Amino acid sequence: MCVLTKLVKTYLFSRLLLFSTSAHCIFYIFLKSPSPDTSLIGSKKYQDKEEVVLWMNTVGPYHNRQETYKYFSLPFCVGSKKSISHYHETLGEALQGVELEFSGLDIKFKDDVMQTTYCEVDLDKGRRDAFVYAIKNHYWYQMYIDDLPIWGIVGEADENGEDYYLWTYKKLEIGFNGNRIVDVNLTSEGKVKLVPNTKIQMSYSVKWKKSDVKFEDRFDKYLDPSFFQHRIHWFSIFNSFMMVIFLVGLVSMILMRTLRKDYARYSKEEEMDDMDRDLGDEYGWKQVHGDVFRPSSHPLIFSSLIGSGCQIFAVSLIVIIVAMIEDLYTERGSMLSTAIFVYAATSPVNGYFGGSLYARQGGRRWIKQMFIGAFLIPAMVCGTAFFINFIAIYYHASRAIPFATMVAVCCICFFVILPLNLVGTILGRNLSGQPNFPCRVNAVPRPIPEKKWFMEPAVIVCLGGILPFGSIFIEMYFIFTSFWAYKIYYVYGFMMLVLVILCIVTVCVTIVCTYFLLNAEDYRWQWTSFLSAASTAIYVYMYSFYYYFFKTKMYGLFQTSFYFGYMAVFSTALGIMCGAIGYMGTSAFVRKIYTNVKID
């Protein structure tokens, strides 16, 4: 019977692996599905007189970066050239609201075009009002030539704000190196006053010039070294490193000295007879040895959070390494596509750590735990996106996620993430699911004695996130600015250092907090260690309020809900990751100290 059970398990596991492999293939198709016109969309090598496509992307208010609309939602006119259809190249491009539409302008490689009128706008009252509204709200638009972004302003108002003017002349200057496009510049000219019931001619010109810029370096002009490599950035990294050295030294000195005294005191107590030991003043973390490895309250949720946190850490580490090796900022949506792919591929990490911890804590409903662990983060992200999507649809914004993209994301969750999470859960339960604690767990829980207010778990949780947040808040400013403003984040070496610093500080702080808690003979350390590290998210979210009101000029329901909705998602994911890191480090510390002390 035992042999038959093993054979059935082996068969099911092999079929599951086969299914996961097939799911990965489906996932890749969803993630990277180029259109038939990919040769016209992406960067390529050109022949003389070959067509170069100018794609119009989005238009929107300058201060609200995420509030974007289709370019032709404003009453701009289209050139006479035959239209070219465009499909989203990647899932990340679709999720980020990229809406490329053909401009209709006739541009050929190395073929100069003098100022040419390509269409006329019949400016009735409705169209004039649309342009006036756009100019009042500082609307700008984005275009692409050979994957190089170009930005332009719609128009401007006079000093009194009574008359409004539209820029009607797009003056393009394109640099080439050999048979590659390496530089694009746009100059807006032809300021025309907006008068109802008139016709406005839209024109363009193209000037080609030879450039010495290498094709590999053509995105360097969009970077801002003076901002990201400022002395303040270097100083913040140095300051965080000094904090790490100080914390590690402090934790090592205090804990080693204190633990040495504790071991000496406990060894002395072992030499006493039973009567002297009863009359002695016993206290400290040894007294809770029979309860310290007791399963945490709500083990199903706790193990799911730990598994999800380990997966988020793995995703962050891998994506940062990939971004350091590859210039992901050079392709539209590549960072988001990479993150989605890595998250799906690392699902076994979630299942392994969550499933093994749940098994060690005596959990029986492992299938339910596996489902919660698999869908905890996707449900949080998709729920927030679903809510914001309603607002985007109401505003007719390009950020509204298409139905086909929603279906693709659901397919990834059910046919990739879930099976791989199941694989990890089975491996975790079988490889490291046995409770091998160094101390026996008592049948009856020990009463927790009263202690001073600052030793209560709630106080420890609130204070535990201050130092981890202090080690990363300068980097948060640079990350926020790159996402919510118009900077391209490219210093992923800094981000890797900050991630390492965050992990070290988080582990040190949670170890100290747990030691004081156990020394007060309170054995509820699992949730305390997790939440004290996860409280970093509270301070990050509070900092996002400061950033919104004092560092940006965002306004409106759509941009506000988008900002605070996704900042809540970011802060929660960061908190879950920090909580898992803190718990894993603290768990190793607790196991170590109770292994080295003699227990009757």
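These are my notebook entries on what I looked up in a predicted model of one protein.

**Entry 1. The whole protein**

I began with the totals. The protein has 18 helices and 10 strands. Of its 600 residues, 50% are buried. I also looked at contacts between residues with a separation of 6 or more, and 83% of these join residues 24 or more positions apart.

**Entry 2. Helices α11 and α18**

I turned to a pair of helices, α11 (residues 366-395) and α18 (residues 557-595). Two packed helices are described by the angle between their axes and the distance between the axes. Here I noted that the axes come within 10 Å and cross at roughly 175°. Angles over 145 degrees count as roughly antiparallel, and α11 and α18 are therefore roughly antiparallel to each other.

Next I listed who makes the contact. From α11 the list includes Ile377, Met380, Val381, Thr384 and Ala385, and further along Ile388, Ile391, Ala392 and Tyr395. From α18 I wrote down Leu557, Phe558, Ser561, Phe562, Gly565, Tyr566, Val569, Thr572, Ala573 and Ile576. Sorted by class, this contact has 15 nonpolar residues, 4 polar ones and no charged ones.

**Entry 3. Helix α13**

Which residues of α13 are buried? In this helix (residues 457-464) I found Pro457, Ile460, Val461 and Gly464 to be buried. Seen down the axis of α13, the buried residues fall within an arc of 100°, so they line one face of the helix. I added a reminder about helices in general: an α-helix has 3.6 residues a turn, so residues three or four places apart point the same way.

On the other side of α13, I found Ala458 and Leu463 exposed. The buried residues of α13 pack against three helices, α14 (466-484), α15 (492-519) and α16 (525-534).

**Entry 4. Two serines**

I looked up Ser334 in helix α9 (residues 334-345). Ser334 has 10% relative accessibility and counts as buried. A polar atom of its side chain lies 2.3 Å from the backbone oxygen of Leu328. The backbone oxygen of Glu331 is 3.0 Å from a polar atom of the Ser334 side chain. Not counting residues up to four places away in sequence, Ser334 touches Leu328 and Tyr329.

Then I went to Ser347, which is in helix α10 (residues 347-360). Is Ser347 buried or exposed? Ser347 is buried, and its relative accessible area is 0%. Its side chain reaches the backbone oxygen of Ala344 at 2.9 Å. With neighbours within four places in sequence left aside, I found Ser347 in contact with Gln311, Ile417, Leu420 and Asn421.

**Entry 5. Val342**

Val342 is in helix α9. I found Val342 to be buried, with a relative accessible area of 7%. Its C-alpha is 8.7 Å from that of Ala314, although the two are 28 residues apart in sequence. Leaving aside neighbours within four places in sequence, Val342 is in contact with Val315, Ile318 and Val319.

**Entry 6. Phe293**

I found Phe293 in the loop between α7 (274-279) and α8 (299-325). Its relative accessible area is 7%. Buried means under 20%, so Phe293 is buried even though it is in a loop. How many residues separate Phe293 from Phe437 in sequence? They are 144 residues apart in sequence, and their C-alpha atoms are 7.0 Å apart in space.

Not counting residues up to four places away in sequence, Phe293 touches Phe437, Pro438, Cys439 and Val441, and also Val590, Arg591 and Tyr594.

**Entry 7. Two residues with positive phi**

Most residues other than glycine have a negative phi, and most peptide bonds are trans. I looked up two residues other than glycine with a positive phi.

Lys49 has a phi near 70°. I placed Lys49 in the loop between α2 (38-41) and β1 (54-61). Lys49 is exposed, with a relative accessible area of 51%.

Asp146 has a phi near 55°. I placed Asp146 in the loop between β5 (139-145) and β6 (148-153). Asp146 counts as buried, at 2% relative accessibility.

Notes: Residues are numbered from 1 along each chain as its sequence is written. This is a predicted model: local features need pLDDT of at least 70, side-chain atom pairs count only at pLDDT 80 or more; totals for chains, interfaces and linings use all residues. Side-chain values use heavy atoms; hydrogens and water are left out. Axes are lines fitted to C-alpha atoms, for helices over the stretch in contact, and angles run from 0 to 180 degrees between N-to-C directions. Helices (H or I, at least four residues) and strands (E, at least two) are DSSP runs, numbered from the N terminus. Angles under 35 degrees count as roughly parallel, over 145 as roughly antiparallel, 65 to 115 as roughly perpendicular and the rest as oblique. Contact means heavy atoms within 4.5 Å. Ala, Val, Leu, Ile, Met, Phe, Trp, Tyr, Cys and Pro count as nonpolar, Asp, Glu, Lys and Arg as charged, and the others, Gly among them, as polar. Buried means under 20% relative accessible area, exposed over 50%, partly exposed in between (1.4 Å probe, protein chains only). A polar contact is a pair of N or O atoms within 3.5 Å; within protein, one must be able to donate a hydrogen and the other to accept it, and residues adjacent in sequence count only if both atoms are side-chain atoms. The arc is that of the directions from the helix axis to the C-beta atoms.
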